[in-house]
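User: I would like a close look at one part of this model, with the reasoning spelled out for a beginner.

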Amino acid sequence: MTYLLSDIDHIFLMYLLPFFRIGALFLTMPVIGTRVVPARTRIILAFAITVVVAPLIPPVATHEMLSLATFGDIAAELLIGGTMGFVFQVAFQCFVVSGQIIAVTIGLGFASMNDPINGVQTTVVSQFYLVAATLLFIVFDGHLVLIQMVIDSFITIPLGEFGHVDFYALANLGSWLFSTSLLMTISIMTALLLVNIAFGVMSRAAPQLNIFSVGFPFTLTLGMILIYMGLNGMLEFFDRIVSECLMLIKSTIA
């Protein structure tokens with residue numbers, strides 16, 4: 001059998017372009033895209049999925065291997081796959097920001113530890129929420145949903161077509177991050193605000209009472225109780241965040 005150089009380029013690009021889209025997702029998505037998973041493992045997973053998916057993708061017209069248009073297609077594939085993973089990465093940061101807000105409110109802002117997933121210093125409460133969200137993400141097969149989404153994207157956005165990425169919606173993820181985090185912590189912050197107001201009245205009524213020695217352990221204990229009570233609604237809150245992220249991906253990449 002004889003192959004022309006153009007045929008070899010076409011076959012190679014039919015595997016190379018999906019590999020970049022899937023690989024970009026694995027570099028940015030939660031759990032698999034963290035520092036805990038070695039880069040070699042992510043490359044092997046992306047290559048294995050590409051080998052299975054590439055023959056099922058409808059054939060499209062490709063350019064020459066070393067042409068400028070090919071590099072543009074590669075950049076588009078990286079952007080599409082990276083956007084999907086980035087949106088869910090922001091969703092996980094909602095739990096980190098919520099934990100930091102609660103930690104500062106109850107007096108645990110100084111209790112920080114190294115986050116092995118992101119490689120930064122975070123509070124203990126943030127680490128607790130992040131671990132809980134990661135476990136929920138794995139239990140409900142969130143990583144499989146993301147892989148299925150990137151495979152389905154080859155139908156909605158064929159290879160070689162940039163599609164339409166709403167960068168304004170991506171920029172609004174910042175405001176969505178803080179508003180969602182405040183919504184998660186508003187009940188605890190309100191309860192602790194009432195406690196601080198009560199301590200303020202006590203300090204005015206009895207100036208000889210040392211509010212700092214009494215208020216700090218009471219606020220810390222109450223904060224722990226409120227965190228425990230708030231775990232009942234964490235599953236519903238996690239489902240809401242994931243649903244909003246899925247809708248955002250569908251509306252952002254079209």
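Which residues form one aromatic cluster? Please start there, then follow helix 3 and the side-chain pairs around the structure.

Analyst: The cluster is made of Phe 88, Phe 92 and Phe 137. Keep in mind that this is a predicted model. A search of the whole structure finds six aromatic pairs. One of them joins Phe 19 and Phe 20, whose ring centres are 6.1 Å apart. The planes of Phe 19 and Phe 20 stand at 70°, and planes over 60 degrees apart count as edge-to-face, so this pair is edge-to-face. Phe 19 has a relative accessibility of 24% and therefore counts as partly exposed. Phe 20, at 25%, also counts as partly exposed.

Another pair brings in helix 3. The ring centres of Phe 95 and Phe 237 lie 6.2 Å apart, and their planes are at 85°, so this pair is edge-to-face too. Phe 95 belongs to helix 3 and Phe 237 to helix 9, so the pair ties together parts that are 142 residues apart in sequence. Here both partners, Phe 95 and Phe 237, are buried.

Helix 3 runs over residues 68-106, and a salt bridge also starts from this helix. In general, side chains of opposite charge can pair when their charged atoms come close. The count of salt bridges in the model comes to two. In one of them, the side chain of Glu 77 meets that of Arg 21, with 2.5 Å from N to O. Glu 77 sits in helix 3, while Arg 21 sits in helix 1 (residues 5-28), so the pair links distant parts of the chain, 56 residues apart. Are these two residues buried or exposed? Buried means under 20% relative accessible area, so Glu 77, at 1%, counts as buried. Arg 21, at 0%, counts as buried because its value is also under 20%.

The other salt bridge is between Arg 240 and Glu 244, with an N to O distance of 3.2 Å. Both residues lie in helix 9 (residues 234-252), four residues apart, which is about one turn of the helix. Arg 240 is partly exposed, with a relative accessible area of 44%. Glu 244 has a relative accessible area of 28% and is partly exposed as well.

Next comes the packing of helix 3 against other helices. Two packed helices are described by the angle between their axes and the distance between the axes. For helix 3 and helix 7 (residues 173-205), the axes come within 8 Å and cross at roughly 30°. Angles under 35 degrees count as roughly parallel, so helix 3 and helix 7 are roughly parallel to each other. The crossing of helix 3 past helix 7 is right-handed. By class, the contact between helix 3 and helix 7 has 19 nonpolar, six polar and no charged residues.

Helix 3 also packs with helix 5 (residues 142-156), at an angle of about 150° and with the axes 11 Å apart. Angles over 145 degrees count as roughly antiparallel, so helix 3 and helix 5 are roughly antiparallel to each other. Helix 3 passes helix 5 in a right-handed crossing.

To sum up helix 3: Glu 77 gives it a salt bridge to Arg 21 in helix 1, and Phe 95 gives it an aromatic pair with Phe 237 in helix 9. Helix 3 is roughly parallel to helix 7 and roughly antiparallel to helix 5.

Key
Residues numbered from 1 in each chain as written. Predicted model: local features only at pLDDT ≥ 70, side-chain atom pairs only at ≥ 80, totals over all residues. Heavy atoms only, no water. Salt bridge = Lys/Arg side-chain N within 4 Å of Asp/Glu carboxyl O. Helix = DSSP H or I, 4+ residues; strand = E, 2+ residues; numbered from the N terminus. Buried < 20%, exposed > 50% of the residue type's maximum accessible area, 1.4 Å probe, protein only. Phe/Tyr/Trp six-rings, centres within 6.5 Å; stacked < 30°, edge-to-face > 60°. Axes fitted to C-alpha atoms, helices over the stretch in contact; angles between N-to-C directions. Parallel < 35°, antiparallel > 145°, perpendicular 65-115°, else oblique. Left-handed = near helix turned anticlockwise from the far one by under 90°. Nonpolar A, V, L, I, M, F, W, Y, C, P; charged D, E, K, R; others polar.
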